[in-house]
Amino acid sequence: MVEQTNSKKVYVIPCSGIGKPTASVGREAVYRVIEDKRPECADTICLGLLTLGDEETAAKVRNSDVITIDGCAKDCASKNVEASGKPPIISHRVHDYLKEHRDLKPETVLDIGEPGKKLAEVIAEDIAEEIDQLQGKDTDHREGE
Amino acid sequence: MEMDARPTKVGVLSCSGESEAEGTITRNAVRLVMEKYKPGLVVSLCLPLYLAGDGGERDFAKKVPVITVDGCEKSCARLATEKYSGEVESYLDVRDLLKQWDVTDKLSRSHPGKLEEELTERVAQQIVKLVDHLIEEGKVDIGGEG
């Protein structure tokens, strides 16, 4: 049974990487979380809008827990969230997952292929659990159970 | 854009657009142009690098002519380029294009299907036209090719 103690949305923000397949993996992971795994309590924003200083977007970030996922060492998602006034509560790098799952190397930016999708799923599962913990939920559950 | 010699590249910047279906079409269209239609000529940059990068990124629009492609009317790519880097040569608003094309279907940001792929292709062709226009105007040195 899941008990919800914190109903605020968690924002899961990928970097906006357009040059590396790892950025596409990060985005895919985010969509899996906010649309499939935790649609009721997770959402995303356009990082570009935050970067540009949009006040409505910045307020969402300041008033919520934020998890970032970056596709390269430039850490655009993490840095831009922090620059908006509040650091992310958890930051991930796709490369860290790739080091642990070397067989799941994504293929291209436009098509990450099956390995890339599997890597996105690994990341998405972790983030979904983190969201549950942030919201005070029992994390001992999985989809389909 | 200030430069001594004609640039050999065209910069095409897309908005990040993660929360909108038009953003996904925009990003994929730019990649399509980079990989399929104008490989080696078109270069891009991750938009939030303007803030997170080491500063070199901010010179982008000073070094190459830039076309921005935005998913919606908020025009993040165009405004960020103008704020951090310089004037853009031309720009597209994909949501506006979809209106012009009478597209009213609900589109997916996460699972692009046949329709989204067709629209991505059409947007890519619009970008190609803008790149070709820059070449025709002599703003890009393509070494006598193309």
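Visitor: What follows helix 6 of chain B, and what is the sign of its phi?

Guide: B:Gly138 follows helix 6 of chain B, and its phi is positive, near 80°. Helices here are DSSP runs of H or I with at least four residues, strands are runs of E with at least two, and both are numbered from the N terminus. This is a predicted model, in which local features need pLDDT of at least 70, side-chain atom pairs count only at pLDDT 80 or more, and totals for chains, interfaces and linings use all residues. Residues are numbered from 1 along each chain as its sequence is written, while chains are lettered from A and ligands numbered from 1 in the order in which they are written.

Visitor: Which residues other than glycine have a positive phi?

Guide: Start with the general rule. Most residues other than glycine have a negative phi, and most peptide bonds are trans. Here, A:Asp75 has a positive phi near 55°. B:Ser75 also has a positive phi, of about 55°. A:Asp75 sits in the loop between strand 3 and helix 4 of chain A. B:Ser75 sits in the loop between strand 3 and helix 4 of chain B.

Visitor: How many C-beta neighbours do A:Asp75 and B:Ser75 have?

Guide: Use C-beta atoms placed from the backbone: 20 or more others within 10 Å means buried, 12 or fewer means exposed, and in between means partly exposed. A:Asp75 has 19 other C-beta atoms within 10 Å, so it is partly exposed. B:Ser75 has 18 inside 10 Å, so it counts as partly exposed too.

Visitor: Back to helix 6 of chain B. How many residues does it have, and what is its reach?

Guide: The expected span of a helix is 1.5 Å times one less than its number of residues. Helix 6 covers residues 114–136 of chain B, 23 residues in total. From first C-alpha to last it reaches 33 Å, close to the 33 Å expected.

Visitor: Which residues of helix 6 are buried?

Guide: An α-helix has 3.6 residues a turn, so residues three or four places apart point the same way. In helix 6 of chain B the buried residues are B:Leu119, B:Thr120, B:Val123, B:Ala124, B:Ile127, B:Val131 and B:Leu134. They pack against strand 1, helix 1, strand 2, strand 3, strand 4 and helix 5 of chain B.

Visitor: What does B:Ile127 touch?

Guide: Contact means C-beta atoms, placed from the backbone, within 7 Å. Leaving out residues up to four places away in sequence, B:Ile127 touches B:Val12, B:Ala29, B:Val30, B:Val33, B:Ile67, B:Val69 and B:Leu92. A nonpolar core is a set of buried Ala, Val, Leu, Ile, Met, Phe, Trp, Tyr and Cys residues joined through C-beta atoms within 7 Å. The largest such core has 81 residues. A:Val12 and B:Ile127 have the most contacts inside it.

Visitor: In what order do the strands of the chain B sheet stand?

Guide: Two strands pair if DSSP finds at least two bridges between them. In chain B, four strands form an open sheet in the order 2-1-3-4, with parallel pairing. Strand 2 and strand 4 stand at the edges with a single partner each, so one side of each has no neighbour in the sheet.

Visitor: Which way do the residues of strand 3 point?

Guide: In a regular strand the side chains alternate between the two faces of the sheet. In strand 3 of chain B, B:Val66, B:Thr68 and B:Asp70 point one way, and B:Ile67 and B:Val69 the other. Five of the five residues are buried, so strand 3 of chain B is largely enclosed by the rest of the structure.

Visitor: What are the bridge partners across strand 3?

Guide: Strand 1 and strand 3 of chain B pair in the parallel sense over four bridges. B:Val12 has B:Ile67 as its bridge partner, and B:Leu13 stands opposite B:Thr68. Four bridges also join strand 3 to strand 4 of chain B, running parallel. There, B:Asp70 stands opposite B:Asp93.

Visitor: How many residues of each chain are in contact?

Guide: 26 residues of chain A are in contact with 28 residues of chain B. Helix 1, helix 2 and helix 4 of chain A each give two or more residues to that side of chain A.

Note on methods
Two residues are in contact if their C-beta atoms, placed from the backbone, lie within 7 Å.
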